[in-house]
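Please read the following report alongside the sequence and the model. It moves from the overall fold to the strands and then to the helices.

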Amino acid sequence: MKEKYSPMMMQYLKIKEENKDSIVMFRLGDFYEMFFDDAILVSKALDLALTGKNAGAKERVPMCGVPYHSVSGYIQRLIDLGHKVAIVEQLSEPGKKALLKEGLSKLLLQEQLWMIH
């Protein structure tokens with residue numbers, strides 16, 4: 001039986017399902033966050049703290065994150081290690097009661113690194 005997650009985590013899982021071969025960096029406020037196996041992989045690869053997020057399930061979901069203003073360096077390091085990175089940006093105004101709209105804005109490969117500011 002599939003676990004029930006929060007609407008935000010369901011958005012993430014849908015995008016991750018469509019980008020299984022990429023690390024999905026999901027923009028939430030001032031951070032790009034990674035969850036589940038991506039969080040575990042990135043926390044080890046970049047020596048980041050692995051934490052957890054309450055996402056509607058019994059157990060906290062593994063999570064790590066990086067500040068949006070310094071994401072380019074982290075992306076470059078992941079690409080240098082041979083990973084693909086998918087960037088998901090917020091498309092609607094944060095702070096509203098309604099669920100934020102998210103969209104995959106960039107898929108970054110070793111051959112191309114788009115600077116994000």
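Two strands are said to pair if DSSP finds at least two bridges between them, and the strands themselves, like the helices, are DSSP runs numbered from the N terminus, with at least two residues (E) for a strand and at least four (H or I) for a helix. The model is predicted, so local features need a pLDDT of at least 70 and side-chain atom pairs count only at pLDDT 80 or more, while totals for chains, interfaces and linings use all residues. Residues are numbered from 1 along each chain as its sequence is written, and side-chain values use heavy atoms, with hydrogens and water left out.

**Overall fold**

The chain contains three helices and six strands, and these follow one another along the sequence in the pattern α-β-β-α-β-β-α-β-β. Of the 117 residues in the chain, 42% are buried; here buried means under 20% relative accessible area, exposed means over 50%, and partly exposed lies in between, with a 1.4 Å probe and protein chains only. The chain exposes about 7100 Å², of which carbon and sulfur atoms supply 54%; such areas come from the Shrake-Rupley method with a 1.4 Å probe, and for residues only the protein chains shown count as cover. Among the contacts in the chain with a separation of 6 or more, 55% are accounted for by residues 24 or more positions apart, a contact being heavy atoms within 4.5 Å.

**The strands**

Strand S1 (22-28) is largely enclosed by the rest of the structure, because seven of its seven residues are buried. Both of its faces are covered, with Ser22, Val24, Phe26 and Leu28 buried on one side and Ile23, Met25 and Arg27 buried on the other. The pairings of S1, and those that involve strand S4, are set out below.

| Strands | Sense | Bridges | A bridge pair |
|---|---|---|---|
| S1 and S5 | parallel | five | Met25 and Ile87 |
| S1 and S2 | antiparallel | three | Leu28 and Phe31 |
| S2 and S4 | antiparallel | five | Phe35 and Met63 |
| S3 and S4 | antiparallel | three | Thr51 and Met63 |

Met63 in S4 is thus the bridge partner of Phe35 and also stands opposite Thr51. The hairpin of S1 and S2 has two residues between the strands, and Gly29 takes a positive phi near 65 degrees there.

Strand S5 (residues 84-90) is the place of Glu89. Is Glu89 buried or exposed? Glu89 is buried, with a relative accessible area of 17%, and its side chain makes a polar contact with the side chain of Tyr32 (2.4 Å). A polar contact is a pair of N or O atoms within 3.5 Å; within protein, one must be able to donate a hydrogen and the other to accept it, and residues adjacent in sequence count only if both atoms are side-chain atoms.

**Helix H1**

Helix H1 (residues 7-18) has twelve residues, which at 1.5 Å a residue should span 16 Å, and its end C-alpha atoms are 17 Å apart, which agrees; the expected span is 1.5 Å times one less than the number of residues. The buried residues of H1 are Met8, Met9, Gln11, Tyr12, Ile15 and Lys16. They cover an arc of only 150 degrees around the axis, which puts them on the same side of H1, where the arc is that of the directions from the helix axis to the C-beta atoms. On the other side of H1, Pro7, Lys14, Glu17 and Glu18 are exposed.

**Helix H2**

In H2, the residues Asp38, Ala39, Val42, Ser43 and Leu46 are buried. They cover an arc of only 125 degrees around the axis, which puts them on the same side of H2. Asp37 and Lys44 are exposed on the face turned away from that buried side. What covers the buried residues of H2 includes H1, S1, S2, S4 and helix H3 (71-80).

Asp38 lies in H2 (residues 36-46) and is buried, with a relative accessible area of 8%. Not counting residues up to four places away in sequence, Asp38 touches Tyr12, Lys16, Ser22, Ile23 and Val24. Asp38 and Lys16 are 22 residues apart in sequence, and their C-alpha atoms are 9.6 Å apart in space. Just after H2, Asp47 takes a positive phi of about 55 degrees.
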